[in-house]
Amino acid sequence: MKTNKKTTSNCNPFDFLTEEIIFTILDYLNDDPFSKKSFSLTCKALYSIESHHRKTLKPLRAELLSRTLHRYPHIEHLDLTLCPRIEDIMLNVVSLACKDALCSINLSRSRFFTNIGLSSLVSSCFNLVEIDLSNGVELNDLAAAAIAEAKNLEKLWLSRCKLITDMGIGCVAVGCRKLRLICLKWCLKVSDLGLQLLALKCKEIRSLDLSYLQITEKCLPSILQLQHLEDLVLEGCLGIDDNALSTLQQSCKSLKTLNMSNCHNHSHVGLSSLINGAENLRELTLAYGPAITEDLAKCLHTFSGLRSVKFDGCLVKCSGVRAIGRWPRSLKELSFSKCSGVEDDSLSFLVRAHKELTKLDITCCRKITYDSVDSITSSCRSLTSVRMESCSLVPKEAFVLFGQRCELIEELDVTDSKIDDEGFSFMMFIAGTETTANTLEWAMALLLNHPKVMLKVKAEIDEHVGHGRLLNDSDTVKLPYLGRVITETLRLYPPAPLLLPHLSSEACTAGGFDIPQGTMPVVNAWTMHRDPKLWEEPDEFKPERFLGGFGELEGFKYIPFGTGRRVCPGAGMGLQIVSLALAALGSIV
Ligand code: HEM
């Protein structure tokens, strides 16, 4: 049994623990990161031993992969989503270092590898059960054939692998018999034939995502015969219409979630055939599909297990909403986001029957007023999330009802609503916590991974604050380098990478593009912050690039707090909290 080195002057009892005991403690603390952090502060041996115990790794830099994997010899789950450039040679390094210990690998944001790298990975890591190859737009059937050698594979993500055809899927079907989940979203070359083969060979499939595939009724009977199928996504499968669905006899009993968003070519008649017999159905998404009529609501009446229903973007009839209000059991989640036709009377009737609702989305339901909010808040006291952007007829008094009646609420989206100070102070708490905590966590991770930057931060604190007293908020202005570290952290990891969605209240032109009224443009701050045309070495953590500090940034290339009229009002406070917390940590380590 290996014992840690000790000096006689060190009398911390934790430092005398053997490696095996620390492993046992770490196993015990695995699901409790806070206690793990506390333990690491009391036990010096933790860090060196932890690297031998660590099972999960998300490296920041591909070029250090070989060294990193050498340091962590027992990695089971490797997430390479922060390393966009992964070449075959690096997959070779992973195969040699991880061998049969590796269970899952996420390559969903990585490119530049081919079937050769995949082959070496799969042949060395024969215990692989999960591979995420999403966005592998250059991967072809040869890559699929390489994956087919992973005989123990249970989960495979291939979304946007647009070159993979029925041939590739056929190889996977024959090779990976243990598959339980497969995502083929946007694999546009996969057709009925490939899916029939998959359903025939991989009987264990529980989860199947076929979004945007050009499939027809031909593959549905084989899919619905999968005995264990629980999640089926048919989003945007336009070939599936009432005619196709009417031929179906029986759905699979095991089906729990069905997503038929953006399927415009079916009505309640086709839907009834598809879910006939799916007595365990719990979640149904019909966004941007057929109108929500009384007939459609009635066809779902018998599914007493239904807990979550999403009708986003559908035309909603009042009689349909009332019929949902007559369902025998309360829903937990309901979404009418951007539905036209939702009115006070019918919505109030519905929420009075669905008292157990925890999530409600009524974004852009422009006809609802104070009455709906009154009924929602008095009936559904367990609400944790309410989204009601652009409900422009709701007066400001209504928002206070959420604070008064729904104690469990964690998320309230009231963008473009008539909210006043009282309602706003309640909201501030929600908007300010996650963002700040997130920034702090990334800043700490980056500092730990960049020891030279860490030393500079410490030197600045030592020079301007010293050790004889506690740090206070007026000290942070004396720490410009720390400010740059936070600015750079927010560039690399903006807590709201797509900012917040807003709806254009009138038509306008932006950057030469005509934006009609009612459009929801999404601003991708993440991409702008890492655009090589705007930043030198965009993926590198270099606080020095902000020599002028936070205020002196040109143009709109840096927008972690958004910009313009809806810019984050808590930016100053957020920065101050993060600076204080980091500086306080820096002064004690
Ligand atoms: C590092 C910390 C923070 C970051 C990175 C951050 C980021 C953001 C972003 C990107 C938006 C959306 C801007 C847009 O739509 O264009 C936003 C909105 C908002 N933030 Fe923050 N935030 C932070 C801290 C805070 C704090 C501490 C508070 C409150 C005490 C706060 C309150 C709000 C509110 C109320 C909005 C909505 C403003 C509106 O829609 O008009 N934020 N924030």
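The sulfur of Cys 125 lies 6.0 Å from the closest cysteine sulfur, that of Cys 98, which is too far for a bond. A disulfide is defined here as a pair of cysteine sulfur atoms within 2.5 Å. The model is predicted: local features need pLDDT of at least 70, side-chain atom pairs count only at pLDDT 80 or more, and totals for chains, interfaces and linings use all residues. Residues are numbered from 1 along each chain as its sequence is written, and side-chain values use heavy atoms, with hydrogens and water left out.

Cys 171 is likewise unpaired, because its sulfur is 9.6 Å from the closest cysteine sulfur, in Cys 176, too far for a bond. The disulfide count is zero. Cys 125 has a relative accessible area of 1% and is buried. Cys 171, at 29%, is partly exposed. These classes use a 1.4 Å probe and protein chains only: buried is under 20% relative accessible area, exposed is over 50%, and partly exposed is in between.

The ligand site comes next. The ligand has 22 residues around it, and His 502, Pro 560, Phe 561, Arg 566 and Cys 568 come nearest. A residue counts as near when one of its heavy atoms lies within 4 Å of the molecule or strand. Two elements, α18 (421-449) and α22 (571-588), give two or more residues each to this shell. Helix α18 supplies the largest share, seven residues. Helices (H or I, at least four residues) and strands (E, at least two) are DSSP runs, numbered from the N terminus.

By class, the shell holds 13 nonpolar, eight polar and one charged residues. Ala, Val, Leu, Ile, Met, Phe, Trp, Tyr, Cys and Pro count as nonpolar; Asp, Glu, Lys and Arg count as charged; the others, Gly among them, count as polar. In the side chain of Arg 566, an N or O atom is 2.8 Å from an oxygen atom of the ligand.

The iron atom of the ligand has Cys 568 (SG) as its only protein donor, at 2.3 Å. Donors are N, O and S atoms within 2.8 Å of the metal (3.2 Å for Na, K and Ca); water is not among the atoms, so sites may look incomplete. Cys 568 sits in the loop between α21 (525-529) and α22.

Helix α18 also contains Leu 448. Leu 448 is exposed, at 63% relative accessibility. From Leu 448 to Ala 291 the C-alpha distance is 54 Å, across 157 residues of sequence. The domain assignment gives domain 1 (13-52) and domain 2 (440-588). Such bounds come from an automatic or database assignment. The centres of the two domains, taken over C-alpha atoms, are 33 Å apart.

Several loop residues complete the picture. Thr 81 lies in the loop between β2 (77-79) and α5 (88-98). Thr 81 is buried, at 14% relative accessible area. The side chains of Thr 81 and Asp 79 share a polar contact of 2.6 Å. A polar contact is a pair of N or O atoms within 3.5 Å; within protein, one must be able to donate a hydrogen and the other to accept it, and residues adjacent in sequence count only if both atoms are side-chain atoms.

Most residues other than glycine have a negative phi. Lys 99, not a glycine, has a positive phi near 45°. Lys 99 is in the loop between α5 and β3 (104-106) and is partly exposed, at 45% relative accessibility. Cys 364, also not a glycine, has a positive phi of about 60°. Cys 364 falls in the loop between β13 (359-361) and α16 (370-379) and is buried, at 11% relative accessibility.
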